[in-house]
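Colleague: Could you take me closely through one helix of this model, with what covers it, and then set it beside the rest of the chain? I would like the reasoning along with the values.

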Amino acid sequence: MDSAIVTPKYVSDFSCIGPDCEDSCCIGWNIYLDKKSYKKTIAHPQLKGLAKSALKKIKRNNDQWAIIQTDAKGACLFLDSNKLCKIHAIAGEETLGDTCRTYPRTSHIRESDKFETLSLSCPEAARLILFSPDAFMFERKLSGAKMTSYPSPLWVSKTYDYSIELLLNEHLNWQQALLSIGFLINSADKVWLKESEASVLDSRFEQLSLLAEQGVLQEQYQKLSYVCEHQVQAFAAFHAMFIDAHPRADGVRFKEIDDAISDVLDEDRVLDIDRINRAWNDIASPALEEHGDIFKRYLLYYMYHEYFPTTLDDKPQSAFRLIVLDCFMLRCYLAVIANKNNGLSERDIILCFQVYHVVRQHQSTFIKGATEIMEKFSFSNVAGIISLLKTQD
């Protein structure tokens with residue numbers, strides 16, 4: 001079968017901004033070199049002197065053959081005084097390791113097609129995804145390659161398509177859209193367990209679309225309980241794990257969020273979730289509206305990037321819990337920054353999404369830990385999960 005490459009405009013528009021980047025991927029990361037790139041670098045007459053001290057062989061596998069050493073500030077030793085890569089400048093892009101050559105670009109194979117995307121852990125990628133007006137225009141081109149097709153289960157493709165349609169439903173805000181997607185996921189769970197046929201998703205989607213048009217889903221969201229303790233426990237557990245997992249926890253950008261959280265602790269150093277939620281309602285949410293529906297853009301990216309609901313290679317409910325958790329944490333981070341700055345700039349918004357995804361998209365232990373915590377707090381039904389997004393009764 002002829003395969004195709006699907007490219008969103010946020011990918012085709014991306015270009016590394018090098019020294020102008022607020023959070024360079026050449027500083028503070030473990031940077032690995034594959035075997036082929038290592039040999040090219042160590043043999044290059046203009047690089048081999050530096051390479052002997054800058055590269056340390058670890059031989060974990062062919063993809064992680066060596067690691068690049070860093071200076072006291074965590075910067076790659078191949079950076080020049082302008083924060084540009086000497087390997088790229090001297091030996092060309094073909095000598096770079098796979099990670100350096102491709103990041104933040106990544107791709108996924110679905111059926112016989114290649115779907116290109118970007119990691120949100122890159123500030124420039126976050127800017128394009130969240131703010132570029134035509135970011136989600138897609139181009140599909142035949143690749144010229146022949147690939148074996150591995151069709152997704154019918155329930156997966158239906159759930160993916162219907163979730164996006166519910167997200168973009170004009171009658172629903174992003175929180176209400178997630179509630180409707182949660183109800184769709186309940187049906188998907190039954191199909192995944194082989195208790196129902198995939199056709200049940202068609203009727204469920206039609207029902208949810210009608211309920212959105214009639215205002216029923218909006219009323220159901222409003223009637224969900226607002227439980228402060230529920231949110232305090234969740235935020236405290238997840239943020240503590242976030243600190244432990246973040247490779248740049250001592251960095252300036254992470255500290256900016258952590259300091260803002262300190263400002264909303266009460267006199268007993270306990271998180272004041274009511275204050276966070278007031279900041280969301282009074283400052284953050286109105287500020288976000290000035291930039292369009294940021295969360296709907298984020299969720300559209302998320303579903304495409306993760307091929308929701310296959311996110312965790314587990315039952316659909318697990319993927320749904322994780323997407324709501326991500327939105328809850330991002331909402332809280334935006335709220336604390338808005339509280340501290342009495343508003344949200346474009347830079348503030350990028351900061352929150354990008355810093356969060358340094359862990360979310362690159363630390364598998366975080367996802368595992370998040371799943372365990374959600375099990376511990378018994379986030380086992382749609383109402384309980386979605387209540388994390390409520391900010392008042």
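**Helix α12 and its surroundings**

Modeller: What covers the buried residues of α12 includes α11 (228-245), α15 (316-341) and α16 (346-360). The model is a predicted one, and the confidence behind it is a mean pLDDT of 90 for the protein chain, with 99% of its residues at 70 or more. Within the chain, helix α9 (residues 200-214) has the highest confidence, at 98, while helix α17 (residues 364-376) has the lowest, at a mean of 81.

Helix α12 itself spans residues 252-262, and its buried residues are Arg253, Phe254, Ile257, Ala260 and Ile261. Viewed down the axis of α12, these buried residues fall within an arc of 125°, so they line one face of the helix. The spacing behind such a pattern is a general one: an α-helix has 3.6 residues a turn, so residues three or four places apart point the same way.

From the covering side, Val355 is a useful residue to follow, since Val355 lies in helix α16 and is buried, at a relative accessible area of 1%. Once its neighbours within four places in sequence are left aside, Val355 is in contact with Phe242, His246, Arg253, Phe254 and Ile257; of these, Arg253, Phe254 and Ile257 are among the buried residues of α12. Lys190, by contrast, is 165 residues from Val355 in sequence and 36 Å from Val355 in space, C-alpha to C-alpha.

Elsewhere in the chain there is an open sheet of four strands, in the order β5-β6-β1-β7 and with mixed pairing. Its edges are β5 (105-110) and β7 (138-146), each with a single partner strand, so one side of each is left without a neighbour in the sheet. Direction ignored, neighbouring strands of this sheet are turned by 25° against each other on average. Strand β1 (residues 2-8) runs antiparallel to β7 and is joined to β7 by six bridges, with Pro8 standing opposite Phe138 in β7.

As for cross-links, the structure holds zero disulfides. The sulfur of Cys76 has its closest cysteine sulfur in Cys26, at 6.0 Å, which is too far for a bond, and Cys76 is buried with a relative accessible area of 10%. Cys122 is likewise buried, at 8% relative accessibility, and its sulfur is 5.5 Å from the closest cysteine sulfur, in Cys21, again too far for a bond.

Definitions and conventions: Residues are numbered from 1 along each chain as its sequence is written. This is a predicted model: local features need pLDDT of at least 70, side-chain atom pairs count only at pLDDT 80 or more; totals for chains, interfaces and linings use all residues. Side-chain values use heavy atoms; hydrogens and water are left out. Buried means under 20% relative accessible area, exposed over 50%, partly exposed in between (1.4 Å probe, protein chains only). Helices (H or I, at least four residues) and strands (E, at least two) are DSSP runs, numbered from the N terminus. The arc is that of the directions from the helix axis to the C-beta atoms. Contact means heavy atoms within 4.5 Å. A disulfide is a pair of cysteine sulfur atoms within 2.5 Å. Two strands pair if DSSP finds at least two bridges between them. Axes are lines fitted to C-alpha atoms, for helices over the stretch in contact, and angles run from 0 to 180 degrees between N-to-C directions. pLDDT is the predictor's confidence in each residue, from 0 to 100.
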